[in-house]
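Thanks for coming, everyone. I'll put the model on the screen, and then we'll walk through it piece by piece.

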Amino acid sequence: MPARRNLSASDVESYATPFLKFITDNPTVFHAVDELGKRLQAHGFTKLTSREPWFGKIRPAGKYFIERNGSSIIAFVIGSNYQAGNGAAVIASHVDAITTKVKPISTKPTTAGYVQLGIAPYAGGLNKTWWDRDLGIGGKVLVKDTSTGKIESRLFKLDWPIARIPTLAPHFGAPAYDPNPNPETQMVPIIGLDNSGAEADTSNNRSLIGCSAGVFASTQPPRLVTAVTKEMQVEPQDIVNWELEVFDTQPAQLGGLDKEFIFAPRIDDKLCSYAAIEALIASTEDTADSSFLTDDDSILKIVGCFDDEEIGSLLRQGARSNFLPSTIERIVAAFAGSLSIPEYIAQTYANSFMISADVSHAVNPNYLNVYLENHAPRLNVGVAVQADPNGHTTTNSVSTAFLQKVAESCDSQLQVFQIRNDSRSGGTVGPMLSSAMGMRAVDAGLPQLSMHSIRATCGNLDPGLGVKLFKGFFDHFEAVDAQFK
């Protein structure tokens, strides 16, 4: 069997353009998870469902993935020599991003000739960076199949900006400089014009879209419903419900004099999710001759990309749910036979290690004073280990040493980030998952500028540098783990 090889410099650079396309083409969490699933299927992964038993379906050397709510995804590879109780190399990230979501009843009265849309902030959405941006719309639409009566989920997006949140010109004085605009009344996007001079009543709305009272579409802006039904080729009365996001439509692109930057929306945290999935794919294929590389593996290799991290991870598709633990436990149970499953599950967790992969703060040259000396990661250098003395991350001396050994094995460079004592630290999915399963863990992610802005910046090599380290984690886990027993 050919030896595993580390990614070369050209390999690392090659991930930039595909990442740009991934970010641009998949603006909502539903589109992103769907695309990650398609990538996995294209590389031989089989999709599983939670509603059916896995016993007899999953096998050694198999590659699988499972989704929840269409907004979270877990992919895993079973080593050819895997046995119940063996460890797992786990990378956990989040695939949701700060955004705005369409309200359940999004119709608003026409105001001064403007048609507006009712939206609400998701996490830190609708901050000052959302003013005067070209905003698109898309997400998940539930549609009833009139021939079968079944309800199915379909993806939807429009390929042009439909909304904008206009600023007030500085000529109007103090109101234009208000540092705390009201997000309910002063940050309402405009989506069209209606200069008829009369308020359209409910019957006119229904007449426009061709549906009766009580139908979901009758509670939404008629012209939006028309746009959705035209794009999806369905009738208004067939729309049961939807979950739509309003997002920045400007494409992700390379920037800088030598194109060493990536300027993009939704980097936090499509970046680490993308890198983790690509690393799992690469770890199962030798890039030199495409040989399958699970022949000597006795472990599980797992990537989890979760929704709702930006709002606390508490929902069923979040990392605080049973999604990851139950997936691992079902894998173990499928291989445990008639033996003690709880014993094997506990053994699995003890033998496992997790990288909690969430983006870190890159050093900002205009605000050097807010960074802790020697803890300020740079772009295009490598993944940053994230430390926090108050338990906001999982990092400790053992897990840092473990990841350092992985980095040495795959010729990767690690950086380190910790917040100053006079600043507030953010959180990740790491502590909640590590504590729930008792799994060793480290927090480490790729650095970016302008976190929580509608557009952010990372390095053009950073997607590939993430893939390189994460692939090295999967490739060298067993050898490194043997040094810590």
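K259 counts as exposed, because its relative accessibility is 52%. The cut-offs here are under 20% relative accessible area for buried, over 50% for exposed, and partly exposed in between, with a 1.4 Å probe and protein chains only. K259 sits in the loop between β11 (253–255) and β12 (261–264). Its phi is near 55 degrees, a positive value in a residue other than glycine.

A word on ground rules. This is a predicted model, where local features need pLDDT of at least 70 and side-chain atom pairs count only at pLDDT 80 or more, while totals for chains, interfaces and linings use all residues. Residues are numbered from 1 along each chain as its sequence is written, and side-chain values use heavy atoms, with hydrogens and water left out.

Back to backbone geometry. Most residues other than glycine have a negative phi, and most peptide bonds are trans. A123 also has a positive phi, near 60 degrees. A123 is in the loop between β6 (114–122) and β7 (135–144). With a relative accessible area of 35%, A123 is partly exposed. Then look at the peptide bond from D268 to D269: it is cis, with omega near -5 degrees. D269 belongs to helix α6.

Now the whole chain. How many helices and strands does the chain have? Eleven helices and 20 strands. These are DSSP runs, numbered from the N terminus: helices are H or I with at least four residues, strands are E with at least two. The C-alpha trace spans about 75 × 60 × 40 Å along its principal axes. The radius of gyration of the chain is 24 Å, which agrees with the value near 23 Å that a compact globule of 485 residues would have. That radius is taken over C-alpha atoms, and the globule rule is 2.2 Å times the number of residues to the power 0.38. Of the 485 residues, 51% are buried. Contact means heavy atoms within 4.5 Å. Among contacts with a separation of 6 or more, 77% join residues 24 or more positions apart.

Next, three buried loop residues. Start with N26. It lies in the loop between α2 (16–25) and α3 (29–42). Is N26 buried or exposed? Buried, because its relative accessibility is 8%. A polar atom of the N26 side chain lies 2.9 Å from the backbone oxygen of F22. That fits the polar contact rule: a pair of N or O atoms within 3.5 Å, where within protein one must be able to donate a hydrogen and the other to accept it, and residues adjacent in sequence count only if both atoms are side-chain atoms. Beyond its neighbours within four places in sequence, N26 is in contact with K21, H31, A32, E35, R266 and K270.

Second, S321, in the loop between β13 and α7. S321 is buried, at 15% relative accessible area. Its side chain has a polar atom 3.0 Å from the backbone oxygen of R316. The S321 side chain also reaches the backbone nitrogen of F323, at 3.2 Å. Leaving out residues up to four places away in sequence, S321 touches R68, S313, L315 and R316.

Third, E309. This residue is in the loop between β13 (300–306) and α7 (323–336). At 12% relative accessibility, E309 is buried. Its contacts, not counting neighbours within four places in sequence, include H94, D96, Y122 and D358.

Last topic: cavities. On a 1 Å grid over the protein atoms alone, a cavity is a set of points where a 1.4 Å probe fits but cannot get out, and lining residues have an atom within 4 Å of a point. Grid points are joined across faces, edges and corners, and a volume is the space filled by probe spheres set on the points. How many cavities of 30 Å³ or more are there? Five.

The largest has a volume of about 190 Å³. It is lined by 20 residues, and A97, I98, R266, S453 and I454 lie nearest its centre. R266 was also on the contact list of N26. β10 gives the largest share of this lining, three residues.

The second largest cavity has a volume of about 70 Å³. Its lining has 13 residues, with V29, D96, A97, T99 and E245 nearest the centre. D96 came up earlier, in contact with E309.

Key:
1 Å grid on protein atoms, 1.4 Å probe; cavity = no way out; pocket = protein on both sides within 12 Å on 5 of 7 lines; lining within 4 Å.
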